[in-house]
Each structure stands twice: as C-alpha cells, then as structure tokens.
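Let's take a walk through this one, sheet by sheet, and then look at where the chains meet. Keep the viewer open as you read.

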Amino acid sequence: MNIETIVKCLDLNVFSGFDRLKTEVLDGYTGDLLSDVMANSKEGDIWMTRQVHQNIIAVASLKDHAGIILVHGAEPAKDTLEKALRENIPVMGTNLSGFEAAGRIYNILKEKKDATATPP
Amino acid sequence: MHVHEKPIFESSYTVQGGNFDEAGKVASQIKVSLKKLGLQTVVIRKAALVAYESEINIVSYARKGTINVSITPKQIKIETIDEGQGIPDISLAMQEGYSTASAKIREMGFGAGMGLCNIKKFSDQFQITSEIGKGTYLKMIINIENGA
C-alpha cells in the first residue's frame with residue numbers, strides 16, 4: 001500500500017513530497033521522542049508525530065521513512081516545510097488524534113497484508 | 001590486538017553546539033557516504049543512528065565538537081570529541097531515562113535520556129570518557145563483517 005491510499009482513506013492534507021505519494025508504506029510508527037523513533041522505527045514506516053520542528057525531517061530522512069503524518073491538526077513549522085520540500089520528504093497532516101490516525105492506518109495495513117497473504 | 005587496516009574512507013565534521021536547525025546534517029552526510037561505499041543496509045542503519053545521537057549530544061550539551069569517521073573493510077569507527085561541560089557521573093548518564101536536558105530541548109523531543117543508551121546498544125564497541133569543564137570523548141565501533 002502506498003502513501004496515496006492512506007491520504008485518500010484518512011483525507012490527509014499533503015504539505016510536501018507531492019511526487020512521492022506512490023512510495024510504499026511497509027509499516028507505521030508513532031512517537032514524539034526522537035531518540036525512540038531513531039532506535040525503534042523502521043525503513044518504510046509512516047511516522048505519526050506531534051513534533052513540527054525541522055529535526056523531524058532529518059529523522060525521517062535518516063530512517064528512510066515513507067513519510068510523516070502530523071496529528072491533531074498540527075502543521076509543519078515554516079523551516080520544517082521548507083526543508084521537507086527541499087528534501088522531497090512527504091509530510092502530511094490530519095485533524096485526527098495520533099491514536100485514531102494510527103488505529104486506522106494499522107487496520108488498512110492489516111487488511112492489505114491479510115489480502116495478499118498466501119493461504120496455508 | 002587489532003590488525004591495522006588501511007581506511008577506505010576517512011572524514012571529519014564540525015558540529016556547532018546549540019544549533020538545532022542544523023542538527024542531523026552531519027549524520028545525513030555520513031549516511032550518504034556509507035551508501036556510496038555500498039555497505040550493508042543494517043550496518044548503515046546502525047552507523048546513522050550512532051552518528052545522529054552523537055551529533056545531537058554535541059548540539060545539546062557542548063559549545064562545539066568534532067565527529068571523525070574512519071572506515072576499513074572490517075569496521076566503521078566513529079569518534080566524537082566535544083568542548084563542553086563534560087559529564088560528572090558517566091554511569092548515571094548511561095542510565096536510560098536520566099537526562100540533564102533543558103525544558104527547551106525536551107520540548108523538541110530530545111533529552112529523553114535515551115541517546116547514550118542507544119549509541120551503546122547500536123555499537124559493537126563503545127567507549128566514553130569525560131572531563132568536567134573540558135568535554136566528552138566517545139568512540140564507537142560498528143563491525144562490517146558479521147554486521148547483522
């Protein structure tokens with residue numbers, strides 16, 4: 001499943017990385033502590049956070065995340081948006097809480113995984 | 001006794017303390033270099049994390065610092081030398097959750113007391129020394145062979 005599917009399903013606002021919405025989302029991670037995200041998130045994750053400062057772009061880029069979703073109506077800070085556009089990292093926003101956004105994405109990912117799983 | 005091997009890559013980076021706008025830039029540069037060398041993904045991931053957390057530590061706690069990277073076919077060595085306040089109690093600083101970070105740093109999602117623990121966890125060898133009022137030295141080795 002790619003970012004575009006999540007954007008449509010959750011009606012996300014796309015701030016940057018417009019031409020990278022076909023990027024495959026492998027899994028997800030939620031967290032506002034950057035060290036936690038650095039240590040425990042994985043390549044291909046969609047990362048949900050409430051942090052809006054520009055260091056989130058460095059973290060997403062270093063971890064090869066599929067993209068970032070800012071939750072609870074958060075919007076990227078001006079320099080964050082500039083950096084995201086410059087580095088072409090998809091940053092999206094939603095009015096949903098982190099809990100609800102993560103829950104919905106979890107279900108979508110699980111459905112897709114179940115659908116593609118080979119029967120025993 | 002380690003067999004001395006000629007480095008296939010060496011570089012040195014300066015990090016300014018307090019400059020959160022640029023934080024992560026050096027780690028990104030290091031990651032790009034490691035990718036160009038064609039190293040295994042798992043090794044690159046470990047090194048990127050170690051470089052990132054080391055860089056954040058300099059930005060958060062020191063006036064300035066240097067990150068040296070030296071790579072041989074067998075290992076990646078990352079050293080950081082900073083000019084800063086130093087760490088009074090290293091064993092305390094190594095405890096997960098312990099942090100002396102300011103409120104400003106914590107608000108940004110740093111200073112959770114995980115940085116040094118993560119550096120140690122993701123390194124195959126880890127060494128730390130510190131002198132009060134002078135600064136802190138970190139040395140991390142990440143093995144390339146048996147990197148998984």
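Before we start, one bit of vocabulary: two residues are in contact here if their C-beta atoms, placed from the backbone, lie within 7 Å. Angles, for their part, run from 0 to 180 degrees between N-to-C directions. Also bear in mind that this is a predicted model.

With that in hand, go to helix 2 of chain B, residues 41-61. This helix lies across strand 1, strand 2, strand 3 and strand 5 of chain B, and its direction runs at about 5° to that of strand 3.

What is the sheet underneath like? In chain B, 5 strands make an open sheet, ordered 1-2-3-5-4, with antiparallel pairing. The edges belong to strand 1 (9-16) and strand 4 (125-131) of chain B; each has a single partner strand, so one side of each has no neighbour in the sheet. On average, neighbouring strands here are turned by 10° against each other, direction ignored. Further in, strand 3 (residues 75-84) and strand 5 (residues 135-143) of chain B run antiparallel and are joined by 7 bridges. If you want one to click on, B:Glu79 has B:Lys139 in strand 5 as its bridge partner. Helix 1 of chain B (residues 25-36) packs on this sheet as well, touching strand 1 and strand 2 (62-71), and its direction makes about 165° with that of strand 1 of chain B.

Now over to chain A. Here, too, 5 strands form an open sheet, but the order reads 1-5-4-3-2 and the pairing is mixed. Strand 1 (13-16) and strand 2 (27-30) of chain A sit at the edges with a single partner strand each, so each has one side left without a neighbour in the sheet. The average turn between neighbouring strands of this sheet is 25°, direction ignored. For a parallel pair, look at strand 4 (residues 67-70) and strand 5 (residues 91-93) of chain A, which share 3 bridges. There, A:Ile68 is bridged to A:Val91 in strand 5. Helix 4 of chain A (residues 78-87) packs on the sheet, touching strand 1 and strand 5, with its direction at about 75° to that of strand 1 of chain A.

Finally, how do the two chains meet? In all, 18 residues of chain B are in contact with 16 residues of chain A. On the chain B side, helix 1, helix 2 and helix 5 (115-122) are the elements that give two or more residues. Our opening helix, helix 2 of chain B, gives the most to that side, with 4 residues. By type, the residues on that side of chain B split into 10 nonpolar, 5 polar and 3 charged.

Technical notes
Residues numbered from 1 in each chain as written. Chains lettered and ligands numbered in written order. Predicted model: local features only at pLDDT ≥ 70, side-chain atom pairs only at ≥ 80, totals over all residues. Pairing = 2+ DSSP bridges. Nonpolar A, V, L, I, M, F, W, Y, C, P; charged D, E, K, R; others polar.
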